[in-house]
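Biologist: Got a minute to walk me through this one? Let's bring it up.
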Amino acid sequence: MEAPAARHSQAETELIVTSPEQMGELGRRLAKLLRAGDLVMLSGELGAGKTTLTRGLGEGLGVRGAVTSPTFVIARVHPSLGGGPPLVHVDAYRLGGGLDEMEDLDLDVSLPESVIVVEWGEGKVEELTDDRLVVRIHRAVGDTTDEVRHVTLAGLGERWGAVDLGVLSA
């Protein structure tokens, strides 16, 4: 499979993804960089590929269960099949306020031993940790069948300072 086109620095990487298969592959490659305690925040328009990327993450992390959008259940936990961290997949789209509204999810309790992926989390989960990976997926909007996505990955905090996100374009 052809690698996505990329331009990057150590703190931020931009990729062009041209198919759902490439988005899933990006998730599988990104999973190799993740470890317990990581928070990944995904943003992008409806249909941008957030869940497709998360499905690839789940495959790469080797977790149990099909990774599907948790829009109506808000959060799903996918235990590891091989001793790695579980994947906690959260869809904060229907949640209004900040972390207070999300307290019932106990993300602060789950974070140290899990990889937490939050779709639509901007303005809602930043208080969990200063160390997080922000993934923004941009696509053409309107009546289009264009599969091209511009993906920007930005690592924030000490945890991501030493991680070269450019390896994702290799």
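Modeller: First, a definition: Ala, Val, Leu, Ile, Met, Phe, Trp, Tyr, Cys and Pro count as nonpolar, Asp, Glu, Lys and Arg as charged, and the others, Gly among them, as polar.
Modeller: This is a predicted model: local features need pLDDT of at least 70, side-chain atom pairs count only at pLDDT 80 or more, and totals for chains, interfaces and linings use all residues. Residues are numbered from 1 along each chain as its sequence is written, and side-chain values use heavy atoms, leaving out hydrogens and water.

Biologist: Where does Val109 sit?
Modeller: Val109 is in helix 4, residues 107–110. Helices are DSSP runs of H or I with at least four residues, strands are E runs of at least two, and both are numbered from the N terminus.

Biologist: Is Val109 buried or exposed?
Modeller: Exposed, because its relative accessibility is 55%. Buried means under 20% relative accessible area, exposed over 50%, partly exposed in between (1.4 Å probe, protein chains only).

Biologist: How far is Val109 from Leu128 in space?
Modeller: They are 9.8 Å apart, C-alpha to C-alpha. In sequence, 19 residues separate Val109 and Leu128.

Biologist: New topic. Where is Ser114?
Modeller: Ser114 is in the loop between helix 4 and strand 6 (115–119).

Biologist: Why does Ser114 count as buried?
Modeller: Because its relative accessible area is 3%.

Biologist: What does Ser114 touch?
Modeller: Leaving out residues up to four places away in sequence, Ser114 touches Arg35, Ala36, Gly37, Asp38, Pro85, Pro86 and Val88. Contact means heavy atoms within 4.5 Å.
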